[in-house]
Amino acid sequence: MELHAVLPAEQADADPRRLVELARSAEELGYGGVWLPDHLLPPKPFGAQYGGPHDALVTLAHLAAVTERIELGTSVLILPLRNPFVVAKQAATLAALSGDRFVLGVGAGWEKYEFDATGADFATRGARTTSALRLIRDLHTTGGAPFEDPHYGHPGGHFAPARPVPLLVGGTSDAALRRAAAVGDRWQAFALTPEAFAERAARLRELAGRPVGVEARIGMGDGPAAEAVATTAATLDSWAAVGAERLAVWFSGEANSAGERMRALAARPEAAPYLAGSDVAAGAHPKMTSQAPVR
């Protein structure tokens, strides 16, 4: 299992350059990846519920230029709010610029207000998300060959050659699992216990009938830092034992607090097996279950 970090992008008035410092720090500490959330036009201020004001793809492109090893991903991009042809090109470009370190994590969305406000159809969001993922994979694989689909079919054209970008599907509903099974390379759960994660992951494997990467995102909580870090550290072996390949931790919505907690967790002995540079993190941990994504 790898430890990853969800960057604190929620503060509208925060200096976005702090994200550069945190991404570099995460890489130096041995975290395997950094993630950013996404919302376009929420009905309430940006924050823990709606993520941050800065575009996730543009921000990750900037972070790609100042890091070397760490994975970069969206957790998650609300795909049915966007033109998938544009997203396909953005994802391919970001992957090329980063040396194939980008993971396109997507979700169908849940905030109806956001769909109404931007003119997107809320009722068909699930079907359009699946179709959009199929389109993106087809464009990356064929370079623009004709594509048949009820939502995004096209007669063919020219798309810049690209290696297929890993597609991650977020969510814990049955619909999300079916989508991950049908078109995902990886699946990311959130707000689950390790036991519930194991049940959902087993269901995903039944649906997919093929290897799909399984990972989770958790929050550290808003209590005292030392207590929150210790509580999170105590759960790491449990997540590895149920087969989570990556565990993305949201530390705090404030940059200084997030940085302190990120460093504190990395310093805990419980975290050592799951950070880069450890022999155990490289695959020797007896509780780790390898489930390679389909690329």
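Okay, let's start with the largest cavity: Pro8, Ala9, Gln11, Ala14, Asp15, Pro16, Arg18, Leu19, His54 and Ala255 line it. Before I go on, please keep in mind that this is a predicted model. The volume of that largest cavity comes out at about 60 Å³. Sort its lining by class and you get six nonpolar, two polar and two charged residues.

So how many cavities of 30 Å³ or more does the structure hold? Two. The second largest cavity has about 40 Å³ of space, and its lining is made up of Ala9, Leu36, Pro37, Gly52, His54, Ala56 and Thr59. Look at Ala9 and His54 on your screens: both of them line the largest cavity, and both also turn up in the lining of the second largest one. By class, this second lining has four nonpolar and three polar residues, with no charged ones.

Now for the pocket. The largest pocket has a volume of about 730 Å³. Which residues sit closest to its centre? Those are Ser75, Val76, Trp110, Phe190 and Arg217, out of 34 lining residues. If you'd rather think in elements, the ones giving two or more residues to that lining are the strands β5 (102-107), β6 (167-170), β7 (186-190) and β8 (213-219), plus the helices α5 (125-142) and α6 (174-183). The class count for the pocket lining is 16 nonpolar, 14 polar and four charged.

Last stop, helix α7, residues 194-208. A quick sanity check on length: at 1.5 Å a residue, its 15 residues should span 21 Å, and the end C-alpha atoms are indeed 21 Å apart, so the two agree.

Which residues of α7 are buried? Pro194, Phe197, Arg200, Ala201, Leu204 and Ala208. Looking down the axis of α7, these buried residues fall within an arc of 120°, so they line one face of the helix. If that spacing looks familiar, remember that an α-helix has 3.6 residues a turn, so residues three or four places apart point the same way.

And what does that buried side pack against? The buried residues of α7 pack against α6, β7, β8 and α8 (225-241). Three of those names you've just heard: α6, β7 and β8 each give two or more residues to the lining of the largest pocket. Turned away from the buried side, the other face of α7 carries Glu195 and Glu206, which are exposed.

One small detail to finish: right after α7 comes Gly209, and its phi is positive, near 65°.

Methods. Residues numbered from 1 in each chain as written. Predicted model: local features only at pLDDT ≥ 70, side-chain atom pairs only at ≥ 80, totals over all residues. Heavy atoms only, no water. 1 Å grid on protein atoms, 1.4 Å probe; cavity = no way out; pocket = protein on both sides within 12 Å on 5 of 7 lines; lining within 4 Å. Points joined across faces, edges and corners; volume = space filled by probe spheres on them. Helix = DSSP H or I, 4+ residues; strand = E, 2+ residues; numbered from the N terminus. Nonpolar A, V, L, I, M, F, W, Y, C, P; charged D, E, K, R; others polar. Expected span 1.5 Å × (residues − 1). Buried < 20%, exposed > 50% of the residue type's maximum accessible area, 1.4 Å probe, protein only. Arc of directions from axis to C-beta. Contact = heavy atoms within 4.5 Å.
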